[in-house]
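Here are some notes on the empty space in this model, set out point by point for your review.

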Amino acid sequence: MRAIYPGTFDPVTYGHLDIIKRSSAIFDELIVAVAANEMKRPFFSLEERVELLRKSFLLPMSGVEICSFHELLIDFARKKKAKVVLRGLRAVSDFEFEFQMALMNKKMNPDIETFFMMPDETFSYLSSKGIKEIISLGGNISAFVPAVVEEAFKKKYDAIPPQ
Ligand code: ADP
């Protein structure tokens, strides 16, 4: 069974990596799909987000593909012949949005099922938004993201220091 794990991944955190690790042990093939998501005005470019995900794995994960997409998720899932969309559900606050998305997707393409995974309790509080807030205030994020992500922030901030 082929599943697709979509997200903005701006940037990838240990929470995302935990979902990828656990789900890739369940599904035969996992497509980690980075959404262009221009409306969210991501901090990292699409290419950077894909690159950071790729570099987050010390060894290539068998059965895991990392790619980007610009179209509607259901269209991309259809193109990739994936029947399952995988999402993480951290807290009650995630539920409302995820519930709407899953039902809208179901309406548009009834063949695709959305599966939800609970985060590992160690990562349940982690969000990409939180990481960006901490780093913009000069905090340490090394417990939350792989070293490559920390370095990428440093590189960006060396070019344009945070306001
Ligand atoms: P999106 O913009 O699609 O919400 P994110 O990159 O923030 O994208 O998250 C992608 C998916 O990963 C979402 O389903 C989100 O709930 C899940 N996720 C994010 N952080 C965590 C975490 N710490 N633990 C488990 N799942 C997470």
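1. Helices (H or I, at least four residues) and strands (E, at least two) are DSSP runs, numbered from the N terminus. The model is predicted, with local features needing pLDDT of at least 70 and side-chain atom pairs pLDDT 80 or more, while totals for chains, interfaces and linings use all residues. Residues are numbered from 1 along each chain as its sequence is written, and side-chain values use heavy atoms, with hydrogens and water left out.

2. The largest pocket (an open set of points on a 1 Å grid over the protein atoms alone, with protein on both sides within 12 Å along at least five of seven lines) has a volume of about 1200 Å³. Of its 41 lining residues (those with an atom within 4 Å of a point), G7, T8, N37, K40 and R87 are the closest to the centre. Helix 4 supplies the largest share of this lining, eight residues.

3. The second largest pocket holds about 230 Å³ of space, and its lining takes its largest share, five residues, from helix 6 (147–159). Helix 2 (46–56) also supplies at least two residues there, and among the lining residues are F44, E48 and K156.

4. One cavity of 30 Å³ or more is counted, a cavity being a set of points where a 1.4 Å probe fits but cannot get out. The largest cavity contains about 40 Å³, and helix 4 (92–108) and strand 4 (84–88) each give at least two residues to its lining, helix 4 giving the most, with four.

Note on methods:
Grid points are joined across faces, edges and corners, and a volume is the space filled by probe spheres set on the points.
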